[in-house]
Amino acid sequence: MDYPLLADEFELLQRLLPEPGRHVIEPGCGAAAMARRLLRQHPQMRYLGLEVDRLQLARNLQDVPARMRFIEAAAQAIPEKAAQFDLALMLKSLHHVPVALMDQALAEVARVLCPGGHLYVSEPVYGGAFNEVVKVYNDEGVVRAAAQAALDRALALPGSPWRQVAEERFATPVHFADFADFERRMMHPSFAEHHIDDALRARTLAAFAPHCGPAGARFERPMHVRLLQRLPA
């Protein structure tokens, strides 16, 4: 798997969408790091982040910057009126939607986007050395494939509200100082319980150790971006 290295995905977003619009929604927003950068670049932009992880939502609500809003809501049930947003971001979040609800989530995003608005979907590719370590305790092969299949179905629907306007594959660098750093950042997310016991931790360490040297462990994480545009009704 040989993808071009891209140090900062924000550069790709800026290239694909130099004029992203004034109203942005992000289902599964996490800490909304990309959105915060977008708002710094576009002073007229307004943002709504949706999050079902109550711990992450609580962190977001501790200090809400101007022009940002956060609510507890899921992609498959967006509590907003139709045609309110110019851009929807789904950054490593579509594969976290329950598989049976992925089609509904994409339909909901289409509903709340204005005609001509865009959906930027960034998903990890199931492959590469980094994935080989992560899948020891969190194998996402099924859900990542389901996310891409849901996008394909949304585009293939009779009278689909979507057209795909861009597609990019690349790799992003990921660095960990040591296994403790990897464990802290990757193995105990607030939005999921991976049931890490001593045996599973040991197997993950065994997979991680060959990649770690005096300068830590460096990986290239393959990514797949698809940019869809909302068609007029």
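**Salt bridges, parallel strands and helix H6 in a predicted model**

The side chains of Asp-8 and Arg-37 form a salt bridge, with N and O 2.7 Å apart. Asp-8 belongs to the segment before helix H1 (9-16) and Arg-37 to helix H2, so this pair ties together parts 29 residues apart in sequence. The model examined here is predicted. Asp-8 has a relative accessible area of 21% and is partly exposed. Arg-37, at 30% relative accessibility, also counts as partly exposed.

Across the whole structure, the search finds 13 salt bridges. Side chains of opposite charge can pair when their charged atoms come close. One such pair is Asp-103 with Arg-153, whose closest N and O atoms are 2.8 Å apart. Asp-103 lies in helix H4 and Arg-153 in helix H6, so the salt bridge ties together parts 50 residues apart in sequence. Asp-103 is partly exposed, with a relative accessible area of 40%. Arg-153 counts as partly exposed, at 40% relative accessibility.

A further salt bridge joins the side chains of Arg-144 and Glu-140, at 3.0 Å from N to O. Here Arg-144 is buried, with a relative accessible area of 6%. Glu-140 is buried as well, with a relative accessible area of 10%. Elsewhere, salt bridges link Asp-181, Arg-184 and Arg-185 in a network.

Helix H6 spans residues 141-156. Its 16 residues reach 23 Å from the first C-alpha to the last. This is close to the 22 Å expected at 1.5 Å a residue. The buried residues of H6 are Gly-141, Arg-144, Ala-146, Ala-147, Gln-148, Ala-150, Leu-151 and Ala-154. An α-helix has 3.6 residues a turn, so residues three or four places apart point the same way. The cover over the buried residues of H6 includes three strands and two helices, among them helix H4 (102-112) and helix H5 (129-134). The strands that contribute include E5 (113-124), E6 (162-176) and E8 (216-230).

Strand E2 covers residues 46-51. Of its 6 residues, 5 are buried, so E2 is largely enclosed by the rest of the structure. E2 pairs with strand E1 (residues 23-27) in the parallel sense, over 5 bridges. Within this pairing, Pro-27 stands opposite Leu-50 of E2. The link between the two strands involves helix H2 (residues 33-41): E1, H2 and E2 make a right-handed β-α-β unit.

E2 also pairs with strand E3 (residues 68-72), again in the parallel sense and over 5 bridges. Leu-48 has Arg-69 in E3 as its bridge partner. From E2 the chain crosses through helix H3 (residues 54-62) to E3, and this β-α-β crossover is right-handed.

Phe-191 sits in the loop between helix H7 (179-187) and helix H8 (198-208). At 52% relative accessibility, Phe-191 counts as exposed, because the cut-off for exposed is over 50%. Leaving aside residues up to four places away in sequence, Phe-191 touches Asp-53 and His-96. Phe-191 and His-96 are 95 residues apart in sequence. Their C-alpha atoms are 9.5 Å apart in space.

Terms used
Residues are numbered from 1 along each chain as its sequence is written. This is a predicted model: local features need pLDDT of at least 70, side-chain atom pairs count only at pLDDT 80 or more; totals for chains, interfaces and linings use all residues. Side-chain values use heavy atoms; hydrogens and water are left out. Helices (H or I, at least four residues) and strands (E, at least two) are DSSP runs, numbered from the N terminus. Buried means under 20% relative accessible area, exposed over 50%, partly exposed in between (1.4 Å probe, protein chains only). Contact means heavy atoms within 4.5 Å. Two strands pair if DSSP finds at least two bridges between them. A crossover is right-handed if, with the strands pointing away from the viewer, the path from the first strand over the helix to the second runs clockwise. The expected span of a helix is 1.5 Å times one less than its number of residues. A salt bridge is a side-chain nitrogen of Lys or Arg within 4 Å of a carboxyl oxygen of Asp or Glu.
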